[in-house]
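Me: Could you take a close look at one part of this structure for me, the annotated binding site, and then show me what else is worth knowing around it? A connected walk-through would suit me best.

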Amino acid sequence: MGLHCCLTKTNFQTLKLATIPCSSSFSSSVSLSPLPKIRTITTISFPTPRHFLFARAFSSTATQTTIPPAVSAPAKDSNKAVKPQWKAAIDFKWIRENKEAVATNIRIRNSNANLELVLELYDKLLNVQKEVERLRAERNVVASKMKGKLEPSERQKLIEEGKNLKEGLVTLEEDLLKLTDELQKEAQSIPNMTHPDVPVGGEDASTLRKMVGEPRKFSFPIKDHAQLGKDLDLFDFDAAAEVSGSKFYYLKNEAVLLEMGLVNWTVSEVMKRGFTPLTTPEIVRSSVVEKCGFQPRGTNTQVYSIEGGDQCLIGTAEIPLGGIHMDSILLESSLPLKYVAFSHCFRTEAGAAGIATRGLYRVHQFSKVEMFVLCRPEESDSFHQELIEIEESLYSSLGLHFKTLDMASEDLGAPAYRKFDVEAWMPGLERYGEISSASNCTDYQSRRLGIRFRPESSSSSPRKGKGNSAPTQFVHTLNATACAVPRMIICLLENYQQEDGSVIIPEILRPFMGGLHVISYKYK
Amino acid sequence: MGLHCCLTKTNFQTLKLATIPCSSSFSSSVSLSPLPKIRTIATISFPTPRHFLFARAFSSTATQTTIPPAVSAPAKDSNKAVKPQWKAAIDFKWIRENKEAVATNIRIRNSNANLELVLELYDKLLNVQKEVERLRAERNVVASKMKGKLEPSERQKLIEEGKNLKEGLVTLEEDLLKLTDELQKEAQSIPNMTHPDVPVGGEDASTLRNMVGEPRKFSFPIKDHAQLGKDLDLFDFDAAAEISGSKFYYLKNEAVLLEMGLVNWAVSEVMKRGFTPLTTPEIVRSSVVEKCGFQPRGTNTQVYSIEGGDQCLIGTAEIPLGGIHMDSILLESSLPLKYVAFSHCFRTEAGAAGTATRGLYRVHQFSKVEMFVLCRPEESDSFHQELIEIEESLYSSLGLHFKTLDMASEDLGAPAYRKFDVEAWMPGLERYGEDLLS
């Protein structure tokens, strides 16, 4: 398996842009305790909500769905050079208390996170913090002593003492800032925790959840989608190579109708299930990309950057969808929030050069319909089920033969607590190719993006005069590919081809394509 | 005018990205004469088709539909610094023979092209070329002389002569290259010629071709689209400002259906008229952007560049559509080629900061369905008519009240010989969608 890593252009997975599980973050089932004083300093760059506890991490390789684990660049190197521009709410206390579980998780994920260093830095931080508090207390004592009547010599002594304390404090506070940054940097590498049912190991360990249909038997020699596309005048790769470079393409004629039909049908099907349709910006600030768990500037990054600023092109609508409620506190009653977004996606596919990438398998630009859910922590498992069922239903309706996999620990993206991939049968390739992926990111992204909700407490006694004062919690986020157009085009062309070279359009799509039944040869 | 520049997300016009007429290129009705030798040098980077005669020029300001002419940066400055990476096949002989017409055209277009300099450089080039030919001829004479039997002293003299000639040639050939580049650079600024019916002057001179419908009378106080979008939960600008910056937006709910409906409908309507549907790359090489008549790196450019290479984001599908048949010789029987393309478009809108831009009027990213035609020269006027009729038919079908303008000479884009703009009535703005800048 592992086709998801290299092959198909429309990578239907929830498009973490990451299959390298080098980092994981803590599961959302971390119990929240009130913030001790130390944490307010750690969260200095954030609006400081009560429950800002979570470990967020990502690796540089998190960006590459298309690079097999062996080739990925280690997270550390990319992180070393740059001080984090924003801070994730990481629950260091929890990490320390659950050290073995975290260490095991890092190991099964094949992550480069340095847990020992994180704990060491955390301890140092705590100590410096204590020292700072001590000096502050002493300075207060000195200050209050100076209020009374004193001998000049005594006063002078106190002034001296005050001055020393102040200098000492300045130094310590600088150390504190430095430690905070270092700690953030190291801790951000720590991957999300892992669902207990996730198989441990590499791609071979992924387990089969479901198989639908079976490979169609052809009574004639079949063509792959690139050949079909050429014969039926559906794509133009050559002109695009001139205008833009390799791995770009024009869709032509019925392929355009196919794209529009697929998008329209998918959006309407998902809307029926209560998802709000959206279109999103395709240019976003690089910080948002990072907060979702990708590294825009890592080695072999998948992310295109715009010159002259901090903007990037999105590789998946997951990013602008995660960003919608960035730095917000949602009402519990508004959850779950279910979005379905259509966008174009752009990927550099750096590091994928040389891999056989004929036709639409690996391209730099494609259309995708993405599902995104924000929910309460206790519901994320069931929404994960819901998302995969929607995907399976869509692909069944299209008459595809596919299998659903529960991805193994080494193949999870940094943010994913659990990930289901769907691989469809592609006769032209003579194997299964990834067409989608559904990830439960628990609170990994929400802690970075700052998305919290306030539980409605009807039972607890509210403090008088104040409204609902229940502490906020982090939402869980999930994402799933509803339709990655090029991959879908590959599946439809290859599976529905006829002996005479034409391609039948699945019934369910025909109303969305002006009633078109078949793509046939054009006679010039 | 100039609604096409800023406003609606689905901008059905052929979207030149340019209303600043600083440069123009020759019309496709330039009569074609066989290429004299000089032109092969000018077209050195091109496969040289027989009828590759036309002057293409563009100004930095050609990129900004939304910047009024006064604000535009002069073409020259942007061109000065950079040697052209590719060569346009410019008909210098024709320019020289039609000097007055070209000069007049440059003037009515308000272009910065320096015609005198172009002609001067051209003459220099011709002279250097003549000299090169002369020296080569002499060298051939020397070479053939040396084939015969000679006295050693004579042979030595010939060898000397040959050496001098060779050195002279090397210098001259370097000059030739340099002149060719300079000439290209200057000549690329020269705008297209102008259709005789185009009104001369600034935006006020644009004439009305057609008016369809009339402003709807409302019996209640109306809202503008931004308010409607807010009330009906159709847009989100605030969240987009956080994640991307100002002038970005999410479409929500029915607005998404509206976008999909508009695109699907427009594509199918245009397909019925014989246009081939396409989707295009939205990342292209910057040279293609330039060849279409835009300046990706000018001051206040509309073009986003990708870091680490020579790629840009398209501001209109016109660019990848123009690029499809780049460097090609088509069969006459394949013409006309009629394409309708759906793409996302990206524009920096640099230089437009501070202008009132509430809501969807001026945004960095939008969806657009674009029509593109390649045809024989004698047919372009009638295809221009056909295109405007298709547009008017589409907007009428949608029940819009609009007017069609024949744009004045100062408002044509560098590449445009003639340009028709459609401005629709926008009740929330209380006027026709024209630029909010003036």
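Reply: Happy to. Let's start with T348(A), which counts as buried because its relative accessibility is 17%, below the 20% cut-off for that class. Do keep in mind that this is a predicted model.

T348(A) sits in the loop that links strand 8 (337–346) to strand 9 (365–375) of chain A. Beyond its neighbours within four places in sequence, T348(A) touches T301(A), Q302(A), V303(A), Y304(A) and H364(A). The last of these, H364(A), is found in the loop between strand 8 and strand 9 of chain A as well. With a relative accessibility of 10%, H364(A) is also classed as buried. Its contacts, again without neighbours within four places in sequence, include Y304(A) and T348(A), and Y304(A) is among the contacts of T348(A) too. H364(A) further reaches S246(A), K247(A) and F248(A), along with C345(A), F346(A), R347(A) and E349(A).

Now to the annotation itself. An unreviewed UniProt entry gives a "binding site" that includes T348(A) and H364(A), together with R347(A), E349(A), V363(A), Q365(A) and F366(A). The same annotation also covers E434(A), I435(A), S436(A) and S437(A).

Elsewhere, the two chains share a sheet. Five strands make up this open, mixed sheet, in the order 2(A)-3(A)-4(B)-7(B)-8(B). Strand 2 (235–236) of chain A and strand 8 (365–374) of chain B are at the edges; each has a single partner strand, so one side of each has no neighbour in the sheet. The chains meet where strand 3 (residues 250–252) of chain A pairs with strand 4 (residues 276–279) of chain B, antiparallel and over two bridges. Here K252(A) stands opposite L278(B).

On the chain B side, helices lie across this sheet. Helix 10 (residues 254–272) of chain B crosses over strand 4, strand 7 (337–346) and strand 8 of chain B, at about 5° to strand 8 of chain B. Helix 13 (residues 380–397) of chain B lies across strand 7 and strand 8 of chain B, and runs at about 145° to strand 8 of chain B.

Finally, a word on a helical stretch of chain B. The unreviewed UniProt entry places a "coiled-coil region" at residues 118–189 of chain B. In the model that span is 89% helix and 0% strand, and its end C-alpha atoms lie 10 Å apart.

Key: Residues numbered from 1 in each chain as written. Chains lettered and ligands numbered in written order. Predicted model: local features only at pLDDT ≥ 70, side-chain atom pairs only at ≥ 80, totals over all residues. Heavy atoms only, no water. Pairing = 2+ DSSP bridges. Helix = DSSP H or I, 4+ residues; strand = E, 2+ residues; numbered from the N terminus. Contact = heavy atoms within 4.5 Å. Axes fitted to C-alpha atoms, helices over the stretch in contact; angles between N-to-C directions. UniProt positions renumbered as here; feature names shortened; annotations may be inferred. Buried < 20%, exposed > 50% of the residue type's maximum accessible area, 1.4 Å probe, protein only.
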